[in-house]
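Colleague: I'm new to this one and would love a friendly tour. Could you show it to me first, and then let me ask about it?

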Amino acid sequence: MQLTKLRTLSVALAATFAAGLAATSASAAPVEGDVPTFQEFAATTFEDLDGQYIVNGDEPEDSKGDLRQFYDAMVTGPRHVDAESLIINRVNGQDDRWSQAAVGNLTYCVSTKFGADYSRVVSAMAAGAGQWEAASSAVDFIHVSTQDGSCTTRNSSVVFSVEPTKTTQYIARAFFPSTSKSGRNVLVNAKSLYSAGSWTPSNIMAHELGHTLGFRHEHTRPEAGTCFEDNNWRPLTPYDSASIMHYPQCNGTSDDLSMTASDRAGVQAVYGS
């Protein structure tokens with residue numbers, strides 16, 4: 001999730017495939033309706049500290065090859081789907097989700113490299129996780145504090161790590177269940193997390209943890225009318241412009257990024273109540 005200025009790269013019929021809320025200035029995007037070349041697209045896509053490319057605001061692509069696949073899918077793929085809100089990511093035609101056993105044991109560490117902000121990030125993670133856990137008793141995020149001193153993606157004692165960013169490009173970003181272990185981290189800019197206005201730290205982290213459960217940005221649906229990402233998803237509930245997974249800047253109707261009844265119904269549809 002990024003901070004302020006909405007920036008998009010447009011494909012044909014003005015469908016956007018790289019919507020982000022950029023915190024820093026960037027080179028100008030192509031004029032609406034133009035299709036940027038892959039080289040143009042790659043040049044304006046933020047490359048994270050570990051070599052991943054951040055697309056759709058807070059979703060990582062692991063390599064230049066993955067970024068190319070993302071680009072090709074956006075340029076050649078269909079622009080619309082039948083409208084049926086919370087939506088789940090799809091990989092190879094299958095829902096991108098955890099097994100029932102795995103979703104009940106989502107262990108994580110919080111890096112002590114957050115320094116003075118460590119306890120605040122621990123609290124924000126617990127509060128964000130608690131929102132999904134309250135919606136579905138099958139979901140259980142477990143903080144393994146004994147691993148916080150060695151909290152990286154290489155730590156095999158936890159499912160994922162929570163680590164500080166080395167950039168102010170975004171507030172936080174996450175991963176999907178299908179992501180390999182080497183890419184399973186939630187990166188957080190702690191200073192931005194606690195200075196995001198009406199977006200509370202709990203709600204921001206709940207948004208990111210929604211991705212870790214497999215849920216996509218709600219604003220990729222055609223009803224949003226902007227910020228299109230792709231069609232690799234399946235609807236779980238009717239479109240919800242106030243969803244916690246819907247950027248307010250993308251024609252969303254929530255000003256605080258809070259969880260809705262539709263969000264709770266969506267997670268229950270995947271993992272049970």
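Modeller: Gladly! A salt bridge here is a side-chain nitrogen of Lys or Arg within 4 Å of a carboxyl oxygen of Asp or Glu. Please keep in mind that this is a predicted model.

Colleague: Thanks! How many salt bridges does a search of the whole structure find?

Modeller: The search covers the whole structure, and the count of salt bridges is eight.
One of them pairs Arg 120 with Asp 117.
For that pair, the closest N and O atoms are 3.3 Å apart, within the 4 Å limit.
So the pair counts as a salt bridge, and the total found is eight.

Colleague: Is Asp 117 buried or exposed?

Modeller: Buried means under 20% relative accessible area. Its partner Arg 120 has 33% relative accessibility and counts as partly exposed. Asp 117 has a relative accessible area of 9%, so Asp 117 is buried.

Colleague: Which residue meets both Glu 218 and Glu 223 in salt bridges?

Modeller: Glu 218 is buried at 0% relative accessibility, whereas Glu 223 is partly exposed at 33%. The N to O distance is 3.7 Å in the salt bridge with Glu 218 and 3.4 Å in the one with Glu 223. The residue they share counts as buried at 1% relative accessibility, and that is Arg 221.

Colleague: Which residue is linked with Arg 90 and Arg 234 in a network of salt bridges?

Modeller: A salt bridge needs a carboxyl oxygen of Asp or Glu as well as a nitrogen of Lys or Arg. With two arginines named, the acidic member of the network is Asp 95.

Colleague: Let's turn to the cysteines. Which residue does Cys 109 join in a disulfide?

Modeller: The search finds two disulfides, and the one at Cys 109 has an S to S distance of 2.1 Å. Cys 109 sits in strand 8 (residues 106-110), and its partner lies 42 residues away, in the loop between strand 9 (141-143) and strand 10 (160-164). Both cysteines are buried. The partner is Cys 151.

Colleague: And is the disulfide of Cys 227 and Cys 250 left-handed or right-handed?

Modeller: Their sulfur atoms are 2.2 Å apart. Cys 227 lies in the loop between helix 6 (201-212) and strand 13 (233-235), and Cys 250 in the loop between strand 13 and helix 7 (261-271), so the pair ties together parts that are 23 residues apart in sequence. Both cysteines are buried. The torsion about the S-S bond is about -80°, so the disulfide is left-handed.

Terms used
Residues are numbered from 1 along each chain as its sequence is written. This is a predicted model: local features need pLDDT of at least 70, side-chain atom pairs count only at pLDDT 80 or more; totals for chains, interfaces and linings use all residues. Side-chain values use heavy atoms; hydrogens and water are left out. A disulfide is a pair of cysteine sulfur atoms within 2.5 Å. Helices (H or I, at least four residues) and strands (E, at least two) are DSSP runs, numbered from the N terminus. Buried means under 20% relative accessible area, exposed over 50%, partly exposed in between (1.4 Å probe, protein chains only).
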